[in-house]
Amino acid sequence: MNAITIIGTGNMARGIATRALAAGRIVELLNRDADKAAAVAAELGTNVTSGTVGQAPAGDIVVLALPFDAAKEVVTSYGATLAGKTVVDITNPVNFETFDSLVVAPGTSAAEEIAALTPGNVVKAFNTTFAGALVAGETEGQILDGFIAGDNADATAAVASLMTDGGMRPIVVGALKRSRELEGFQFVVMTLQANPAFETFNWNTGLKIVG
């Protein structure tokens, strides 16, 4: 089975790991705290290994299930180790102090900033899907749409295959610069979740294109 490495052990890491396991992949979880990684791996069950951030990722796909600043730090520390690998950026670079803006400058994106720091093939994916929906594999009985942006065709195809095998519908929206729109739109969705006027949202919605 193909392996996927997930750096981080939070809710999104668990959600993506759940989809990867459904896709028949072997999952490697890395965390700065090896005991925490091992505990989450044990919760997820078979075909999950664990380790410490800094060790060479076993997977051809490496998912940065981290906040934006931490993701930049990790890819910088890994350097040439990520060359040739598909590096998945899931971040939404929201200013969490004000929850009123993104922290990246206009005309760029978190994914593009991360891509400038690593020789890996950066793909934007999973940033438009909340953790609970990933664990469930659906929202309101609807298959999850997964939006993907990337410059490397093989890398985007690898992520699309992971999504398909994991029960999602991948939608490749274009080059990595399309991450700007994916991050901006998901920021709007996040503000709706946090708005008490939309009391039924509660971080459990999903984006879906129909037609």
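A pocket, as the word is used here, is an open set of grid points with protein on both sides within 12 Å along at least five of seven lines. With that in mind, welcome to this structure, which is a predicted model.

**The largest pocket**

A good place to begin is the largest pocket, which has a volume of about 580 Å³. Its lining is made up of 24 residues, and Met12, Leu66, Pro67, Asn92 and Phe96 are those nearest the centre. Helix 1 (11-22), helix 3 (68-78) and helix 7 (179-194) are the elements that each give two or more residues to this lining. Among the contributors, helix 1 gives the most, with three residues. Sorted by class, the lining of the largest pocket holds 16 nonpolar residues, seven polar ones and one charged one.

**The second largest pocket**

Next comes the second largest pocket, with about 170 Å³ of space. Here 14 residues form the lining, and Asn2, Asp60, Ile61, Thr86 and Ala158 lie nearest the centre. Two or more residues of this lining come from each of strand 1 (3-7) and helix 6 (153-165). Helix 6 gives the most, with four residues. The classes in the lining of the second largest pocket are six nonpolar, five polar and three charged residues.

Here are the two pockets in one view:

| Pocket | Volume | Lining | Classes in the lining |
|---|---|---|---|
| Largest pocket | about 580 Å³ | 24 residues | 16 nonpolar, seven polar, one charged |
| Second largest pocket | about 170 Å³ | 14 residues | six nonpolar, five polar, three charged |

**Helix 1 and its partner, helix 2**

Helix 1, already met in the lining of the largest pocket, also packs with helix 2 (residues 34-44). The angle between the two is about 45°, and their axes are 11 Å apart. Angles from 65 to 115 degrees count as roughly perpendicular and those under 35 degrees as roughly parallel, so helix 1 and helix 2 are oblique to each other. The crossing in which helix 1 passes helix 2 is right-handed.

Which residues make the contact? On the helix 1 side they are Arg14, Ala17, Thr18 and Leu21, and on the helix 2 side they are Val40, Glu43 and Leu44. By class, this contact of helix 1 with helix 2 brings together four nonpolar residues, one polar residue and two charged residues.

Notes. Residues are numbered from 1 along each chain as its sequence is written. This is a predicted model: local features need pLDDT of at least 70, side-chain atom pairs count only at pLDDT 80 or more; totals for chains, interfaces and linings use all residues. Side-chain values use heavy atoms; hydrogens and water are left out. On a 1 Å grid over the protein atoms alone, a cavity is a set of points where a 1.4 Å probe fits but cannot get out, and a pocket is an open set with protein on both sides within 12 Å along at least five of seven lines; lining residues have an atom within 4 Å of a point. Grid points are joined across faces, edges and corners, and a volume is the space filled by probe spheres set on the points. Ala, Val, Leu, Ile, Met, Phe, Trp, Tyr, Cys and Pro count as nonpolar, Asp, Glu, Lys and Arg as charged, and the others, Gly among them, as polar. Axes are lines fitted to C-alpha atoms, for helices over the stretch in contact, and angles run from 0 to 180 degrees between N-to-C directions. Angles under 35 degrees count as roughly parallel, over 145 as roughly antiparallel, 65 to 115 as roughly perpendicular and the rest as oblique. A crossing is left-handed if the near helix is turned anticlockwise from the far one by less than a right angle, and right-handed if clockwise. Contact means heavy atoms within 4.5 Å.
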